[in-house]
Amino acid sequence: MGTLNDQAVLQAIFNPDTPFGDVGLDLGEEAEKEEVDEDGVFPQAQLEQSKALELQGVIAAEAGNLSTALERFGQAINLLPERASAYNNRAQARRLQGDVAGALEDLERAVTLSRGRGRAARQGFVQRGLLARLQGRDDDARRDFERAARLGSPFARRQLVLLNPYAALCNRMLADMMGQLRCPRNGH
């Protein structure tokens, strides 16, 4: 039936008004069947404290206070160093600060800790894919987006469509054809 990427490209061509990545076919086989309980292994009190620190970090980052955000994410990591979520969040703050190498280190750690499964892995693959794309490493980006798409990320599926040169060509040809249908040239 084709790959997930092929299905997304066809969906974008034949149904251009639907959001990219909303493939109307059964993606359940490709997506992870059940969400992994990533936090079930941690002591409840420490987990709640870690989540609270992460939330403080997110709020600080959204307010533009990246140094406080990094401090809170670091505290969450120190509290539960085997929990992937705080590494993903710190990677985002590091990237916003311009520390791409530090962000990539945190994303590698998040993907490793999550064993490539669940929400933390999905976020890690998406973020790592975006950084690879910004650096012009499209093959690496494609690999990470494929892994995130298999874990159920609609954003990653949209990125795969955008990375497909055939989809870009088809979309351009389709747009030209639709333009000609809307505004036919005289005499043709």
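In the predicted model, Asp106 counts as buried, at a relative accessibility of 3%. The residue lies in helix H5. Beyond residues up to four places away in sequence, Asp106 touches Tyr87, Arg90, Ala91 and Arg94. Each of these four partners is also listed among the H4 residues that meet H5, and Asp106 itself appears on the H5 side of that contact.

The packing of H4 against H5 was examined next. The two axes come within 8 Å and cross at roughly 165°. Because an angle over 145 degrees counts as roughly antiparallel, H4 is assigned as roughly antiparallel to H5. The crossing of this pair is left-handed. On the H4 side, the residues in contact are Ala84, Tyr87, Asn88, Arg90, Ala91, Arg94 and Arg95. Facing them in H5 are Gly102, Ala103, Glu105, Asp106, Leu107, Arg109, Ala110, Leu113 and Ser114. Sorted by class, the H4 and H5 contact comprises seven nonpolar, three polar and six charged residues.

Helix H5, which spans residues 100–114, also packs against H6. Here the axes are 9 Å apart and the angle is about 150°, which makes H5 roughly antiparallel to H6. H5 passes H6 in a left-handed crossing. H5 contributes Val100, Ala103, Leu104, Leu107, Glu108, Val111 and Ser114 to this contact. The H6 residues that meet them are Ala120, Ala121, Gly124, Phe125, Gln127, Arg128 and Leu131. By class, the contact of H5 with H6 contains nine nonpolar, three polar and two charged residues. Ala103, Leu107 and Ser114 of H5 take part in the contact with H6 and are likewise listed in the contact with H4.

Phe125, one of the H6 residues facing H5, is also among the residues with the most contacts inside the largest nonpolar core. This core has 13 residues, and the others singled out for their contacts within it are Ala141, Phe145, Ala148 and Ala156. Two or more residues of the core come from each of helix H6 (118–134), helix H7 (138–150) and helix H8 (154–163). Apart from residues up to four places away in sequence, Ala141 touches Gly129, Ala132, Arg133 and Leu163. A second, separate core of nine residues includes Ala84, Ala86, Tyr87 and Ala120. Of these, Ala84 and Tyr87 belong to the H4 contact with H5, and Ala120 belongs to the H6 contact with H5.

Ala120 is further linked to H4 through Ser85. Ser85 is found in helix H4 and is in contact with Glu54 and Ala120, leaving aside its neighbours within four places in sequence. With a relative accessible area of 16%, Ser85 is classed as buried, because the cut-off for this class is under 20%.

Leu80 is placed in the loop between helix H3 (66–79) and helix H4 (84–97). Although in a loop, Leu80 is buried, with a relative accessible area of 5%. When neighbours within four places in sequence are set aside, Leu80 is in contact with Phe42, Gln46, Leu47 and Ser50. Leu80 and Pro43 are separated by 37 residues in sequence, and their C-alpha atoms are 9.4 Å apart.

Note on methods:
Residues numbered from 1 in each chain as written. Predicted model: local features only at pLDDT ≥ 70, side-chain atom pairs only at ≥ 80, totals over all residues. Heavy atoms only, no water. Core = buried A, V, L, I, M, F, W, Y, C linked by side-chain atoms within 4.5 Å. Buried < 20%, exposed > 50% of the residue type's maximum accessible area, 1.4 Å probe, protein only. Contact = heavy atoms within 4.5 Å. Axes fitted to C-alpha atoms, helices over the stretch in contact; angles between N-to-C directions. Parallel < 35°, antiparallel > 145°, perpendicular 65-115°, else oblique. Left-handed = near helix turned anticlockwise from the far one by under 90°. Nonpolar A, V, L, I, M, F, W, Y, C, P; charged D, E, K, R; others polar.
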